[in-house]
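Subject: Handover of a structure

Dear colleague,

Please find the structure below, together with its sequence. I would be grateful if you would keep it open while reading the notes that follow it.

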Amino acid sequence: MSDWWSDQVPSFVVVGRVNAGKSSTLATLLEVDDDDVLRVSATPGETTSVQALPVIYDDEEWIRFFDSPGFQQPVEAVKVIEEMAGDRVPGPDEIRRFVEECGDDFPDEVRLLEPVARGAGILYVVDPSKPVRDSFLAEIEILRWSGRPRLALLNAQSDDTTHEEEWRERLGTAFNLVRTFDAHEARYDERRRLLEALLQIEERHGDRIEHVLKAMEVEWGQRQEEAVEALMDFLEDSLKLRVTDGLDERDLGVPARRERKESALMEEYYDKLAKLESKCLDRWLKTYRHHLLEADVDPVNHRGLDLATAETWKKWGLNRWQLTAAGAAAGGLAGAAFDLGVGVHSLGAGTVLGALGGGTAAFLKGGQLPELKVKLDGGMKWRSGGGRTLIVGPPASPNFPWVLLDSMLVRYRGIITRAHGRRDAAPLEGGDDDSLVRQFPSERRTLLQKWFNSCLKGKPDRGKETEVYAALVEALEEVEDGV
Ligand SMILES: Nc1nc2c(ncn2[C@@H]2O[C@H](COP(=O)(O)OP(=O)(O)OP(=O)(O)O)[C@@H](O)[C@H]2O)c(=O)[nH]1
Ligand SMILES: [Mg+2]
């Protein structure tokens with residue numbers, strides 16, 4: 001612990017009552033969802049020592065936070081400190097003396113006040129659903145005596161904020177600033193605002209805090225870029241996805257054999273699609289530093305993008321009118337009419353939807369899956385050697401790309417709204433959220449439709465990628481702003 005303190009690095013210690021949400025606040029602010037790094041728990045007294053959490057960018061530590069065990073005997077501590085001051089009002093000198101002399105009787109108070117005595121700023125976390133009792137007033141008093149820059153954070157652990165005004169009144173005179181910070185809900189903007197508040201109370205190290213704010217902004221931009229890249233890869237790979245198998249003459253002659261092969265291919269198709277989905281979600285989770293959220297994707301159990309339910313097709317994707325408009329604008333009128341009549345033809349001549357067998361759509365635990373495009377290679381002619389190739393492709397609905405995109409945007413929202421201070425291991429579900437693509441401006445829908453069409457044909461239009469990239473950046477930004 002010899003280098004636990006540095007005069008060069010602005011430091012802030014998070015203090016408050018046991019179980020007030022101190023560790024959760026830091027975990028959310030610093031994006032730590034790992035209990036091995038920062039322990040968060042419903043068991044009071046979980047944090048037992050002061051723990052340094054450095055904020056590092058480019059191998060340099062810019063700010064240091066300390067998590068602390070929290071006050072245990074503030075009322076008694078007040079008495080001891082007042083005695084030390086005698087007739088005077090206690091101040092920083094008495095706090096320093098208390099830290100030096102009272103470690104045996106007040107281990108927790110001394111631990112948390114140690115950085116304060118050295119010059120750390122204070123983040124005082126309180127739960128405004130609790131009434132302001134004497135013991136809290138004692139904590140406030142001690143922190144005021146320290147003379148250090150101090151920010152009070154109201155972190156409500158329930159919807160009940162009956163005592164918020166009372167808290168604000170008490171804190172207002174003793175703290176430089178009072179802010180709310182919900183450790184379970186705060187997102188990027190709130191995290192930024194908290195750092196900006198630190199800048200306000202601790203001007204001495206303003207340049208270093210500003211550097212962190214700037215670095216955070218740059219990093220956020222980079223994450224968004226990574227996220228769009230992953231999304232584009234996913235869309236392209238999914239729309240291009242086809243699975244194939246060889247059919248010999250017997251397969252062609254015996255319907256049951258053909259159907260078996262077709263079923264197996266369909267299963268393989270959905271399996272591969274699910275893997276692409278997981279890959280994108282895992283990339284996002286990594287980008288946004290989440291370890292507890294899981295990309296829970298499993299087509300057999302209808303998890304993740306559940307194409308098997310009519311509900312999915314109803315709530316996501318474009319509405320019929322928008323689909324018509326996008327198709328028309330993307331393909332010219334003739335193409336649109338063609339696409340509209342039956343989406344299946346967009347793959348070109350030779351596509352024979354469901355021509356092989358009919359009952360193969362329902363094969364996963366009786367789940368009704370959307371019809372996939374099924375075709376045989378080589379038109380109607382036999383290939384030399386007698387074999388044919390069975391090709392199973394994307395769902396026939398022209399809304400497929402839009403449903404895919406919607407399902408991903410909804411889960412993107414799930415990721416960026418998840419606070420790192422939460423410790424429940426949650427699956428990343430599609431949720432009941434409404435369509436986001438339906439809110440897109442029509443030019444964006446047209447542009448994406450064109451690009452989707454090229455991907456569906458297996459020839460992604462590279463010339464459109466820059467525009468598509470920009471359009472998807474906008475889409476993700478809207479997801480971020482809209483929640
Ligand atoms: N609903 C809700 N629960 C919260 C919030 N903040 C903290 N909690 C919960 O409150 C409990 C205590 O949170 P911690 O962050 O461990 O509290 P602490 O102040 O560090 O506790 P000790 O280290 O034991 O003093 C945990 O179960 C948290 O999940 C919040 O904003 N909302
Ligand atoms: Mg703690």
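The following notes describe the ligand, the residues around it and the pocket that holds it. Please bear in mind that this is a predicted model.

I begin with the surroundings of the ligand. There are 23 residues around ligand 1, and those that come nearest are Lys22, Ser24, Glu46, Thr47 and Asn155. By residue type, this shell consists of eight nonpolar, eleven polar and four charged residues.

Several backbone atoms approach oxygen atoms of the ligand. In glycine 21, a backbone N or O atom is 2.9 Å from an oxygen atom of ligand 1. For serine 41, the distance from a backbone N or O atom to an oxygen atom of ligand 1 is 3.0 Å. Alanine 42 has a polar backbone atom 3.3 Å from an oxygen atom of the ligand. Ligand 1 taken alone exposes 650 Å², and the protein buries 88% of that area.

I turn next to the pocket. Ligand 1 sits in the second largest pocket, which holds about 500 Å³ of space. This pocket is lined by 31 residues, of which Asn19, Gly21, Ser24, Val40 and Gln157 are the closest to its centre. The lining of the second largest pocket divides into eight nonpolar, 14 polar and nine charged residues.

Where does the second largest pocket lie with respect to domain 1 and domain 2? Domain 1 (11–201) and domain 2 (219–481) both contribute residues to its lining, and therefore the pocket lies between them.

Yours sincerely,
A colleague

Technical notes:
Residues numbered from 1 in each chain as written. Chains lettered and ligands numbered in written order. Predicted model: local features only at pLDDT ≥ 70, side-chain atom pairs only at ≥ 80, totals over all residues. Heavy atoms only, no water. Near = heavy atom within 4 Å. Polar contact = N/O pair within 3.5 Å; in protein donor to acceptor, adjacent residues only side chain to side chain. Areas by Shrake-Rupley, 256 points an atom, 1.4 Å probe, with all protein chains shown as cover. 1 Å grid on protein atoms, 1.4 Å probe; cavity = no way out; pocket = protein on both sides within 12 Å on 5 of 7 lines; lining within 4 Å. Sits in = over half its atoms within 2 Å of the grid points. Nonpolar A, V, L, I, M, F, W, Y, C, P; charged D, E, K, R; others polar. Points joined across faces, edges and corners; volume = space filled by probe spheres on them. Domains from an automatic or database assignment.
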